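Dear colleague,

I am passing on to you the structure we spoke about, together with some notes on what was found in it. Please read the notes with the structure open beside them.

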Amino acid sequence: MVEGLSIKPAQGKLGILTPGMGAVATTFIAGVEAVRRGLRLPIGSLTQMGHIRLGKRTDNRQPLIRNFVPLAGLDDLVFGGWDIFEDSAYEAALKAGVLDRTLIEELQGFLTGIRPMKAVFDNYYVKKLDGKHVKKGRSKMALAEALIEDIEGFRKTNGCDRVVMIWCGSTEIFMKRSEVHETLAAFEKGLRDSHPEIAPSMIYAYAAARSGIAYANGAPNLSGDLPAIEELAKRTGAPLAGKDFKTGQTLMKTILAPGFKARLLGVAGWYSTNILGNRDGEVLDDPESFKTKEESKLGVLDNILQPQLYPDLYGHLFHKVRINYYPPRGDNKEGWDNIDIFGWLGYPMQIKVDFLCRDSILAAPIVLDLVLFMDLAKRAGLAGIQEWLSFYFKSPVVPAGLYPEHDLFIQHTKLKNTLRWMMGEDMITHLGREYYDES
Ligand SMILES: NC(=O)c1ccc[n+]([C@@H]2O[C@H](COP(=O)([O-])OP(=O)(O)OC[C@H]3O[C@@H](n4cnc5c(N)ncnc54)[C@H](O)[C@@H]3O)[C@@H](O)[C@H]2O)c1
């Protein structure tokens, strides 16, 4: 272990609370139970199936990540959350239509026992939804206090040693940071005054940070990505991460774009369109929620391709992203990409990608890895923004003055090097001179 860093052991139960118990959350919860019962494999999860190389290539040390760093075991996970609908995880999983009915029926007893608590919600921030399972409070501060009580109540009732919160709720309308988000004092005053620029997802992030528990955000709305929340999290020792799970089309983009850039192939245009028919698709059909998603999806290419450094290759890139709500597809999204590239002497070429993906199947292992790594960060005393987890996000949260790293492979190296650093192992630079030096 690195000097000065001590990691508390992962003893006892780890509670996982999800604001939002829809397609992603229930696919994650049911999936963990299916893995625990030996019914399925946790495919896509780095913490469960990934190995990490330690030392030289000739050392032959490649343990499983879960045997290398002290992570909570799957048997120690306990689930809960909030939603604006009263459906249990069983009913919600059936409605989401992601997993086979036979698998959901097999897990019925377990899933029926997971019932959402009343949510903090306001239809102003998610126009397409309206639910009745919602808390009432005199002010936004009163609602935050009610969430803090929920967290403590869940911890006690389930005998949890630690708790992690991860936003799996709907995408809220587009909002920019303003004065009320800048300092903790301004934010707390804003909560007491029920300031309109404090959205429900920010109230959850505040409640998590006040409780000193880790908070990750799987949607593109600001939520915990505020200086005020960072200030509080550092004070209470709460790790923070976000935003927007990197799945589907953006995952493909962050795999392909670094390849073009590495080979100095030009990109003239990148047109991306999607059809999807789940509740998330319906919410994103509202222009204000779509705007939040669009910003998150658009930032990726600019950052990877660096047009300011390579104006001849990427200076005139036309990038367009569309999402179309198309109910017959349900959760099985189709993402098309048309990429106009150019090579030697400017000769044009085209690449077409048609990804028939399953959104929540791609998101569930990310949720699992995030909760386990966020819990590790908490036990290691790492408070505030956890940039090493940007591997999992479309819009990685970074401190002021730093640009986010979007290249999936750099993010992957960063994550693994952080684990090596935590455990006092050598960084792997891939220089490899030692294999050729005579002495
Ligand atoms: N599936 C993916 O691959 C993926 C990728 C990136 C981001 N996301 C984001 O993850 C989130 C969840 O996606 P999903 O497919 O599960 O959507 P979903 O619509 O199936 O589930 C979201 C749930 O959140 C609930 N909700 C909304 N506001 C809430 C609030 N304030 N408090 C508590 N509950 C609330 C809704 O009632 C709904 O049940 C969305 O914001 C989506 O954009 C998903």
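Leaving aside residues up to four places away in sequence, Ile52 touches Gln62, Pro63, Ile65, Phe68, Lys416 and Leu419. The place of Ile52 is in the loop between helix H2 (46-49) and helix H3 (65-68), and with 22 C-beta neighbours inside 10 Å, where 20 are enough, Ile52 counts as buried. Of its contacts, Phe68 is 16 residues away along the chain, and the C-alpha atoms of Ile52 and Phe68 are separated by 8.1 Å. Please keep in mind throughout that this is a predicted model.

The domains come next. The domain assignment divides the chain into domain 1, made of 13-245 + 360-422, and domain 2, which covers 248-356. Taken over C-alpha atoms, the centres of domain 1 and domain 2 are separated by 26 Å, and their contact takes 28 residues from domain 1 and 28 residues from domain 2. On the side of domain 1 that touches domain 2, helix H16 and helix H17 (408-422) each supply at least two residues, and by class that side has 13 nonpolar, eight polar and seven charged residues.

The ligand belongs in the same picture. Where does the ligand lie with respect to domain 1 and domain 2? Both domains give residues to the shell around the ligand, so the ligand lies between them. There are 36 residues around the ligand, and of these Gly20, Gly22, Val24, Ala219 and Arg279 come nearest. Two or more residues of the shell are given by each of helix H1 (23-36), strand E2 (77-83), helix H13 (279-284) and helix H16 (359-379); H16 gives the most, with four residues. By class, the shell has 20 nonpolar, eleven polar and five charged residues.

Two strand arrangements deserve a careful look. One is an open sheet of seven strands with parallel pairing, in the order E3-E2-E1-E4-E5-E6-E11. Strand E3 (117-118) and strand E11 (384-385) stand at its edges, each with a single partner strand, so one side of each is left without a neighbour in the sheet. Within this order, strand E4 (residues 160-167) and strand E5 (residues 214-217) pair in the parallel sense over four bridges, and the bridge partner of Ile166 in E5 is Ala216.

The other arrangement is a hairpin formed by E9 and E10, with five residues between them, and in its turn Leu345 has a positive phi of about 65°. Strand E9 (residues 334-342) pairs with E10 in the antiparallel sense over nine bridges, and Trp336 stands opposite Asp354 in E10. Strand E10 (residues 348-356) is hardly covered, since the count of buried residues among its nine residues is zero.

Helix H9 (residues 184-192) has Leu184, Phe187, Gly190 and Leu191 as buried residues. Seen down the axis of H9, these fall within an arc of 120°, so they line one face of the helix. What covers them includes helix H7 (140-157), helix H8 (179-182), helix H10 (200-210) and helix H11 (227-236). Thr157, which is found in H7, counts as exposed with 11 C-beta neighbours inside 10 Å, and its C-alpha atom is separated by 56 Å from that of Arg433, 276 residues apart along the chain.

Finally, some backbone details may be worth checking by eye. Just after H9, Ser194 takes a positive phi of about 50°. A cis peptide bond, with omega about -10°, joins Gly242 and Lys243, and the place of Lys243 is in the loop between strand E6 (239-241) and helix H12 (248-262). Leu264, in the loop between H12 and strand E7 (266-276), has a phi near 55°, a positive value in a residue other than glycine, and with 11 C-beta neighbours inside 10 Å Leu264 counts as exposed. His430, in the segment after H17, likewise has a positive phi, near 70°, and His430 is exposed, with 6 other C-beta atoms within 10 Å.

With best regards

How values were computed. Residues are numbered from 1 along each chain as its sequence is written. This is a predicted model: local features need pLDDT of at least 70, side-chain atom pairs count only at pLDDT 80 or more; totals for chains, interfaces and linings use all residues. A residue is near a molecule or strand if its C-beta atom, placed from the backbone, lies within 6 Å of it. Ala, Val, Leu, Ile, Met, Phe, Trp, Tyr, Cys and Pro count as nonpolar, Asp, Glu, Lys and Arg as charged, and the others, Gly among them, as polar. Domain bounds come from an automatic or database domain assignment. A residue is buried if 20 or more other C-beta atoms lie within 10 Å of its own, exposed if 12 or fewer, and partly exposed in between; C-beta atoms are placed from the backbone. The arc is that of the directions from the helix axis to the C-beta atoms. Two residues are in contact if their C-beta atoms, placed from the backbone, lie within 7 Å. Two strands pair if DSSP finds at least two bridges between them.
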